[in-house]
Amino acid sequence: MTEFQAVILPEETAPPDARACEKCELSTHRQRVVWGEGNPTAPLFILLDNPGLRENKEGQPFVCGTRQTLQRGLLEAGLDLDSVYITYLLKCRPKKAYDKPLARQTCFSHLQFQLMEKKPQFMLGLGNTVAQTLFSDENVDVKGLRGSWHLFQDSIPIAFSYHPLAVRRRPALYRFFLEDLQHVAARFPR
């Protein structure tokens, strides 16, 4: 059996105001602002916590474990990669300790802009950090949210699952991750 090979999806360039953003200390950590990748007009908007090392370095043809696990799950669930747009709560990769609440609050305006511009039909939040930030509640967790649809800002249906990195570290979670992606795929018109 061959190991699944993920692909590098086309990256969308961040708008000038985001590239010049210095509203939090992450601007001193980054090599660049990472806006998102995939199809900018896709019906499914996938949200992770922050860019990884590959995303932070421009022009690196490296497929990280997060990307590999996510793409494998999407394809196994029947979701075409052209139907997704992947982005992050934080648009800069943290390299050291930082003021997490301030960074999330600051970057939230960029996320709001993306949602207003893209108008996705559905969202998929991956990981506890995403769930806690979107619902402004540190007690919310993926385990309690998965398997159901919720509304983000009273308008966008959103489902949740485990972060792909958590799935890689704990392979027993993969079946739940796949169930969650199938739950999302079932919402797509056939």
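Two strands pair if DSSP finds at least two bridges between them. The exercises below apply this and related terms to a predicted model.

**Exercise 1. Strand E3 and its partners**

Determine with which strands E3 pairs, and in which sense.

*Solution.*
Step 1. Consider E4. Strands E3 and E4 are joined by five bridges and pair in the parallel sense. Within this pairing, Ile-46 has Ile-86 of E4 as its bridge partner.
Step 2. Consider E5, which comprises residues 122-126. Four bridges join E3 to E5, and these strands also run parallel. Here Phe-45 stands opposite Met-123 of E5.
Step 3. Apply the opening definition. Pairing requires at least two bridges; E3 has five with E4 and four with E5.

**Exercise 2. The two faces of E3**

Establish whether the residues on each face of E3 are buried or exposed.

*Solution.*
Step 1. Recall the general pattern. In a regular strand, side chains alternate between the two faces of the sheet.
Step 2. Assign the residues. One side of E3 carries Leu-44, Ile-46 and Leu-48, while the other carries Phe-45 and Leu-47.
Step 3. Examine the burial. The residues named on both sides are all buried, and both faces are thus covered. The count for the strand, residues 44-48, is five buried residues of five.

**Exercise 3. Two buried residues and their contacts**

Classify His-110 and Cys-92 by accessibility, and state which residues each one touches beyond its sequence neighbours.

*Solution.*
Step 1. Locate the residues. His-110 belongs to helix H4, residues 100-118. Cys-92 lies in the loop between strand E4 (84-88) and H4.
Step 2. Compare with the cut-off. A residue is buried when its relative accessible area is under 20%. His-110 has 8% and therefore counts as buried; Cys-92 has 6%, so Cys-92 is buried as well.
Step 3. List the contacts, leaving aside residues within four places in sequence. His-110 is in contact with Ala-18, Cys-21, Trp-35 and Lys-91. Cys-92 touches Leu-26, Arg-30, Val-33, Asn-50 and Pro-51.
Step 4. Set sequence beside space. Cys-92 and Arg-32 are 60 residues apart in sequence, yet their C-alpha atoms are 6.8 Å apart.

**Exercise 4. A salt bridge between a helix and a strand**

Explain why the salt bridge of Arg-67 and Glu-37 ties together separate parts of the chain.

*Solution.*
Step 1. Identify the bridge. The side chains of Arg-67 and Glu-37 meet at 2.6 Å, N to O.
Step 2. Place the partners. Because Arg-67 lies in helix H3 (residues 65-76) and Glu-37 in strand E2 (residues 36-38), the pair links parts that are 30 residues apart in sequence.
Step 3. Note the surroundings. Both Arg-67 and Glu-37 are buried.

**Exercise 5. A network around Glu-179**

Find which residues are joined with Glu-179 into one network of salt bridges.

*Solution.*
Step 1. Take Arg-146. Its closest N and O atoms with Glu-179 are 3.2 Å apart, and the two residues form a salt bridge. Since Glu-179 lies in helix H8 (residues 174-185) and Arg-146 in the loop between helix H6 (142-145) and strand E6 (150-152), the pair ties together parts 33 residues apart in sequence.
Step 2. Take Arg-175. Its side chain meets that of Glu-179 in a salt bridge of 3.8 Å, N to O. Being four residues apart in H8, Arg-175 and Glu-179 are separated by about one helical turn.
Step 3. Combine the bridges. Through shared partners, Arg-146, Arg-175, Glu-179 and Asp-180 are joined into one network.
Step 4. Classify two members. Glu-179 is partly exposed at 36% relative accessible area, whereas Arg-175, at 52%, counts as exposed.

Conventions: Residues numbered from 1 in each chain as written. Predicted model: local features only at pLDDT ≥ 70, side-chain atom pairs only at ≥ 80, totals over all residues. Heavy atoms only, no water. Helix = DSSP H or I, 4+ residues; strand = E, 2+ residues; numbered from the N terminus. Buried < 20%, exposed > 50% of the residue type's maximum accessible area, 1.4 Å probe, protein only. Contact = heavy atoms within 4.5 Å. Salt bridge = Lys/Arg side-chain N within 4 Å of Asp/Glu carboxyl O.
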